[in-house]
Amino acid sequence: MTAWTPRTWTGLAAVSALLAVAFGAFAAHGMSEAKPIEWLHTGSQYQMVHALAVFAAFALQRTGAKGMGLVAGLFLVGTVLFSGSLYAMALGGPRVLGAITPLGGLSFMIGWALLAWRGFGLPDQT
């Protein structure tokens, strides 16, 4: 993942943020049942946070931080699994897809843990 170009990082993060806004808007204006609205809202919130986190990982990578490609990849995989499973259920998919959601959450947590580990290893720039 370290071979990702700025185009790849920026494009994937921007598409992810775009989808987060679209699903959030659909929750607000296109759904009437409470549970699917909740799933769409939760999925879009987590997706937006992690789209922005991909941008942050890219910025850190540009300063020389190691492992940021893996961090970004974990955030994007987490988005597909976590938010994607919630979106699928909200749009009528089987509830068994909810078993996938925690795997996305685990991917997010591993990404944040790696980011913390690598962040604490950055040199001080004071």
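A pocket here is an open set of grid points with protein on both sides within 12 Å along at least five of seven lines, and its lining residues have an atom within 4 Å of a point. The structure is a predicted model, and its largest pocket is a convenient place to start.

That pocket holds about 160 Å³ of space. Its lining consists of L12, V15, S16, L19, Q47, L76, T79, V80, S83, G84 and Y87. Two or more lining residues come from each of α1 (6-29) and α3 (68-90). Helix α3 supplies the largest share of the lining, six residues.

Q47 is also part of this lining, and Q47 belongs to helix α2, which spans residues 34-62. Is Q47 buried or exposed? Its relative accessible area is 5%, and because buried means under 20%, Q47 counts as buried. Leaving aside residues up to four places away in sequence, Q47 is in contact with S16, L19, A20, T79, S83 and Y87. Among these contacts, S16, L19, T79, S83 and Y87 appear in the pocket lining as well.

The surface offers another feature. L103, L106, M109 and I110 make up a nonpolar patch there, and together they have about 390 Å² of accessible area. One of these residues, I110, sits in helix α4, residues 101-120. The relative accessible area of I110 is 43%; this value lies between the limits of 20% and 50%, so I110 is classed as partly exposed.

Definitions and conventions:
Residues are numbered from 1 along each chain as its sequence is written. This is a predicted model: local features need pLDDT of at least 70, side-chain atom pairs count only at pLDDT 80 or more; totals for chains, interfaces and linings use all residues. Side-chain values use heavy atoms; hydrogens and water are left out. Helices (H or I, at least four residues) and strands (E, at least two) are DSSP runs, numbered from the N terminus. Buried means under 20% relative accessible area, exposed over 50%, partly exposed in between (1.4 Å probe, protein chains only). Contact means heavy atoms within 4.5 Å. Patches are made of residues with over 30% relative accessible area and no salt bridge: like charges are joined within 9 Å, nonpolar side chains (Val, Leu, Ile, Met, Phe, Trp, Tyr) within 5 Å. Accessible areas come from the Shrake-Rupley method with a 1.4 Å probe; for residues, only the protein chains shown count as cover. A salt bridge is a side-chain nitrogen of Lys or Arg within 4 Å of a carboxyl oxygen of Asp or Glu. On a 1 Å grid over the protein atoms alone, a cavity is a set of points where a 1.4 Å probe fits but cannot get out, and a pocket is an open set with protein on both sides within 12 Å along at least five of seven lines; lining residues have an atom within 4 Å of a point. Grid points are joined across faces, edges and corners, and a volume is the space filled by probe spheres set on the points.
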